[in-house]
Structure formats: structure tokens, C-alpha cells
Amino acid sequence: MAIMRINVGPIHPSTHGVLRLVVDVDGDTIKDVEPHIGFLHRGVEKLMETRMYMQNPSYTEKLDYAAPMAWDDLYVASVEKALGVEVKEAAQYARVILLEYQRIASHLLWLGTFANDLGQMFTLFMWTFRERAAVLKYLEDMTGSRMFYVNLRLGGLSRELPPDFKDRGYKLADYLEPKIAEYTDMLDANDIFKERTKGVGKLNKADALAYGATGPVLRASGVEYDVRKNFPYYIYDKVKFTVPVESGGDAFSRYRIRFREMQESIKIIRQALDMMPGGSVAGQPIKLIGQQAKPDPVFMERELPRGNGIIYMVPDKQRPFRIALRSPAYINLSLLPMLCKGEKFADLFAILGSIDVVMAEIDK
Amino acid sequence: MPDAQEAPYTQEELMNAEAEMTQLTMDSLKKYKMNNNVMFTKLSDATQAIAKRMVNWSHTNSLWPLQFGLACCAMELMDFGASRIDAERKGYLLFRGTPRQCDVMIVAGWVTKSMVPRIKRLYEQMAKPRYVVAYGECATSGGPWWESYNIIRGIDQVLPVDVYAVGCPPKPENLFGALMKLQEKVGGKSAGDKERSITENPRRAEDFRL
């Protein structure tokens with residue numbers, strides 16, 4: 001059969017943003033996929049060089065709009081390293097609790113849209129958004145904003161936490177746990193879901209490591225690597241949690257990884273709430289001309305919901321001289337042509353969805 | 001803005017509404033330079049006037065948005081379509097995948113130079129009458145990226161915008177408010193009910209090149 005070239009996107013309901021895919025198909029079988037990116041490019045790295053250190057979090061938050069606080073934390077941590085600022089102990093606990101809730105919100109968003117991509121399981125979209133609304137309400141009440149928090153300051157948070165921080169944190173964890181467990185009934189026992197995901201988009205261990213995949217995509221291929229475990233930061237060495245690993249390497253395994261990560265996050269949150277000491281969490285107020293940074297380059301990495309995010313920063317005195325962002329979603333997207341080869345066209349969005357891309361982070 | 005839960009109408013309100021409806025019909029007849037007495041006007045003119053109102057009314061209560069998200073604001077757009085807000089109760093029935101079935105384009109996110117021809121094409125594919133909502137700071141004015149070399153500072157440089165929703169990102173409730181403003185506009189209750197063309201837009205950059 002002759003090879004036909006099909007254009008998908010850049011505006012397509014299932015591309016999770018503005019991603020254009022040029023797909024070569026032979027009948028119904030994919031021969032090649034070429035992702036075209038850059039439709040959201042706005043030059044973040046360059047813009048960040050023109051701002052003072054603590055003006056930049058509002059840029060980094062918009063890199064990954066499904067989990068804004070994660071990138072914010074990565075940037076603020078690298079600035080803290082450059083300036084030599086210690087984070088208060090209570091603030092470390094508070095950050096971990098908020099970040100893990102952020103991870104749950106991100107995975108819930110992913111799960112709803114993924115199920116929707118796989119054949120209009122719109123019910124699950126409604127369910128996950130119901131739970132996500134509860135998480136966002138908690139984060140809004142604790143930080144002051146619903147989506148872009150900008151609540152991290154040098155050495156802590158922007159303000160003291162409300163007195164009901166712990167009570168509501170426990171309550172939300174109790175609310176989420178059974179709700180998340182309900183999704184297994186909906187998906188693991190669902191024949192359509194299994195048909196669409198099992199054995200689709202297989203990624204073996206060697207390829208995952210060779211391409212530099214990180215996060216749930218890597219762990220679904222049987223590699224146990226998590227920055228929280230391997231290079232613990234904040235209080236992750238004090239709490240007990242396991243790094244979920246699956247050996248399938250297919251879209252179903254990636255779903256299982258994210259699903260189990262949500263359960264692990266709830267465990268981490270409960271322990272952190274138990275162990276959290278009293279005391280102030282407020283960091284330094286924003287000063288445009290503050291203390292001066294050391295001239296050494298800074299390398300900082302964090303486990304973001306999508307994988308291993310890295311910032312390499314060459315500090316100037318009051319602003320970054322040069323900053324480079326390693327986006328995990330960008331690296332994971334480079335797997336797509338390899339994963340899609342030989343698969344059916346209908347599975348394209350199952351594979352793309354299972355990688356979990358955020359275009360703003362990829363285009364920068 | 002009307003409340004979400006409207007009280008049941010009293011008899012007096014119903015009488016007032018009827019009087020208002022009669023007045024509106026009379027006004028529209030005047031607009032078409034017809035005699036106030038419907039009996040002596042041409043039947044076709046009268047039906048035309050009434051049909052126009054009918055079409056307007058149905059337009060107002062059935063605006064279908066285009067499923068079209070660019071950046072961060074698309075997250076809140078998804079929340080708008082989910083169960084918490086329940087946009088269907090005001091007629092925003094479904095987010096459609098194709099522009100040919102849509103009335104409202106919600107531009108949610110920053111617009112880069114490479115996206116402009118594509119957004120223009122989507123807009124041209126929409127059936128008239130069509131409306132544009134600039135959702136968020138980026139679509140309104142470029143937002144935090146206003147200094148960037150690859151950003152259009154506001155979608156109103158390219159398309160005629162009907163309603164702006166401001167915030168970074170605006171809450172879904174804010175979008176709901178903006179769309180209710182749009183309903184007022186479509187129904188002719190506020191100024192600017194006719195479709196604007198891009199040439200009327202004062203903010204349009206004349207020497208805009210891609």
C-alpha cells in the first residue's frame with residue numbers, strides 16, 4: 001500500500017496543548033511520526049535573565065501548568081543554593097505536603113484526560129476533576145491562589161500557614177484515598193481500557209535509559225530511579241515510601257505507576273503532617289536588591305510529576321546570568337516516534353497520552 | 001448579573017415581562033419603519049421582525065464554544081467544562097472539536113507568531129455570527145510575556161474581541177461571568193450586538209506583519 005501522510009494538530013483535542021504531529025501511515029499502521037514543536041515558544045530562559053531572582057518564580061510556574069508549584073520549587077531551591085540560604089525546618093515539611101498535593105492534582109488531571117483520549121470515557125474526567133477541585137481548594141486556601149501560587153520565598157513560604165493547615169490536610173487525605181481507589185474499579189477491570197493500553201507503546205529498559213527518559217515513563221520500564229529516593233531533598237529521607245516500579249513498559253504500566261504514585265503521595269503527606277514541627281514557616285520578604293549570590297554555577301534537580309527536572313544556573317549578583325532548564329516532558333516526547341512505529345493509528349493518542357506531555361514546558 | 005438560582009417568578013413580574021416583550025416588539029417594528037398597528041403592516045415584515053428576535057433569543061441561549069486551548073488558561077477551561085461549574089445550565093452545551101459547529105472561540109493562553117495564521121484560519125472556518133473571548137492576561141495584552149520576541153501582545157491585534165476576561169488565569173467563575181456578558185451582548189441588551197470587523201478595532205496594529 002502507498003504511504004499516506006496525515007497531519008494532526010496543532011489544534012487537536014487530544015494533543016494536550018498545541019503539538020503538531022505529521023504521521024506517515026501505511027493502511028492503519030504507523031510508519032513514522034514527526035512531532036513539530038515550538039507553537040508556544042516565548043523564550044523563558046532569555047526572559048529570566050532580565051529579571052531579579054525572586055521575580056522569576058512567576059515565569060517558572062507557567063512552564064508546567066499542570067503542576068506549577070513543582071517548577072517553582074525547583075527554581076527557588078536553586079536560588080537558595082546560589083545565595084546560601086537555609087530552609088526553615090517547618091517550611092520544609094510544609095513544602096513537601098504542598099508539593100505532594102500538587103503531584104496528586106497533576107496526576108488526577110492526567111488520568112482524566114487520558115481516559116477521555118481512550119474513547120470518550122468522560123465519566124472519569126468528571127470524577128478526577130471533582131477530586132482535583134478539592135485539592136485545588138485546599139491549595140488555594142493555604143497559599144492564596146488557585147492555580148499560580150507564587151508562594152515560595154527564600155527560606156520558606158510567603159506567609160504563615162493558616163491554623164487549620166494540618167486538620168484540613170488530614171481530612172483531604174482521608175477524602176482522596178477511597179476516591180482514588182474507586183478508579184481501579186473503573187479502569188483495571190475495564191476491558192476497553194485494558195485493550196487500548198496493554199502492550200501498546202512498549203518501551204524497553206535499554207531504550208528508556210538511552211533516550212534519557214525520566215519519571216513515570218522510566219519507572220514503568222523497570223528502572224527504579226526517583227530523585228526523592230536516590231538524592232533525597234527536604235525531608236524525603238525521613239518519611240517512608242516506596243518508589244513504584246512496573247516492568248511492562250506499555251501504556252498500562254505508565255498508568256499503574258502514576259496511580260500508585262498518588263497512593264504513595266498520600267502516605268508521604270500523612271507522615272509529614274504527623275512529623276511537622278511547630279514554628280514559623282515564613283521566608284524572607286522579596287527584596288529587589290538583596291544579598292549577593294556566590295559566583296559558582298548551580299546544578300539543582302527535583303522529581304517533578306513528569307520526571308526529573310534540572311536547572312543549571314550561572315548566577316550573577318542579583319539575577320541569573322544564564323539559566324538552562326531541562327524539561328522532562330521534552331525528553332520524554334522524543335520517545336514518541338520510536339514508540340509509535342508499527343502501532344495502529346488509533347493508538348497514537350494512547351501512547352502520546354501515556355507519556356504525559358505539557359507543551360509549555362517543552363517549547364519554553 | 002442574574003443569580004445562579006433564580007426565584008420563581010411572581011405574577012407581577014410575569015405581567016411586567018409581557019409588557020416589556022410587547023414594547024420590544026413595537027420597538028423593532030418601529031425600527032423597520034412600520035406602523036404600530038400590526039394589523040395594517042405587511043405580514044412578511046412583521047414575521048421577519050419577530051423571527052429575528054426568535055433567532056436572537058435562541059442564539060443567546062445556545063452558544064457553543066470551540067474546544068481550543070493554548071496554554072495555562074486551558075486548565076481552567078477544562079474546569080469550566082467539568083462538573084463544578086456546570087456550564088450547560090446556561091447553554092454552553094459542548095466543547096466542539098470542529099470550528100464549523102461553534103459560535104464562540106475562547107482564546108485561552110498566549111498567542112505566538114507561529115500560532116496566529118492557524119488561529120485566523122480557525123476563526124474563518126467558524127460560521128457567522130461568531131464571537132471571540134480573550135481569556136486571561138496573555139490573550140488580552142501579552143501578560144507576563146509582553147517583552148518576548150515571539151508573542152502577539154493580545155489576540156485583539158488579530159481578531160475582533162467581544163469580551164475580555166482578566167486574571168492570570170481567571171477563575172472558571174470569571175469565564176462564566178464573561179460568557180454571560182457575551183450573552184447580553186448577543187441578545188442585544190448591551191451595546192455592540194452586531195458583529196464587529198477587525199478594521200473597527202482601535203488597537204489593531206496597522207503595520208502588523210507576520
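**View 1. An open sheet of three strands in chain A, ordered β6-β7-β8, has antiparallel pairing.** The coordinates shown in this and the following views belong to a predicted model. The edges of the sheet are formed by β6 (298–304) and β8 (320–326) of chain A, each of which pairs on one side only. On average, and with direction ignored, neighbouring strands of this sheet are turned by 15° against each other. Seven bridges join β6(A) to strand β7 (residues 307–315) of chain A, in the antiparallel sense. Within this pairing, A:Val298 has A:Met313 in β7(A) as its bridge partner.

**View 2. Helix α3 of chain A lies across two strands, β6 and β7 of chain A.** The helix comprises residues 68–83 of chain A. Relative to β6(A), helix α3 of chain A runs at about 155°.

**View 3. A second view of a sheet in chain A shows three strands in the order β1-β2-β3.** This sheet is open, and its pairing is antiparallel. Because β1 (3–8) and β3 (29–36) of chain A stand at the edges with a single partner strand each, one side of each is left without a neighbour in the sheet. The average turn between neighbouring strands of this sheet is 20°, direction ignored. Strand β2 of chain A, residues 20–26, pairs with β3(A) in the antiparallel sense over seven bridges. Two aspartates face one another across the strands: A:Asp24 stands opposite A:Asp32 in β3(A).

**View 4. Helix α4 of chain A spans residues 89–117 and is mostly covered.** Of the 29 residues of α4(A), 27 are buried. At 1.5 Å a residue, a helix of 29 residues should span 42 Å; the end C-alpha atoms of α4 of chain A are 42 Å apart, so the expected and modelled spans agree. Just after α4(A), A:Gly119 takes a positive phi of about 115°.

**View 5. Chain B contains six helices and five strands.** Along the sequence, the elements of chain B follow the pattern α-α-α-β-β-α-β-α-β-β-α. Chain B has 210 residues, of which 35% count as buried. Where contacts in chain B join residues at least 6 apart in sequence, 75% of those contacts link residues at least 24 apart.

**View 6. The contact between the two chains involves 28 residues of chain B and 25 residues of chain A.** On the side of chain B that touches chain A, α3 (73–81) and α4 (116–125) of chain B each supply at least two residues. The largest share of that side, three residues, comes from α3(B). By class, the side of chain B that touches chain A has 15 nonpolar, seven polar and six charged residues.

**View 7. A close-up of helix α4 of chain B is centred on B:Lys120, which is found in this helix.** With 14 other C-beta atoms within 10 Å, B:Lys120 is partly exposed, because this count falls between the limits of 12 or fewer for an exposed residue and 20 or more for a buried one. B:Leu159 lies 39 residues away from B:Lys120 along the chain, and the C-alpha atoms of the two residues are separated by 7.4 Å.

How values were computed: Residues are numbered from 1 along each chain as its sequence is written. Chains are lettered from A and ligands numbered from 1 in the order in which they are written. This is a predicted model: local features need pLDDT of at least 70, side-chain atom pairs count only at pLDDT 80 or more; totals for chains, interfaces and linings use all residues. Two residues are in contact if their C-beta atoms, placed from the backbone, lie within 7 Å. Helices (H or I, at least four residues) and strands (E, at least two) are DSSP runs, numbered from the N terminus. Ala, Val, Leu, Ile, Met, Phe, Trp, Tyr, Cys and Pro count as nonpolar, Asp, Glu, Lys and Arg as charged, and the others, Gly among them, as polar. Two strands pair if DSSP finds at least two bridges between them. Axes are lines fitted to C-alpha atoms, for helices over the stretch in contact, and angles run from 0 to 180 degrees between N-to-C directions. The expected span of a helix is 1.5 Å times one less than its number of residues.
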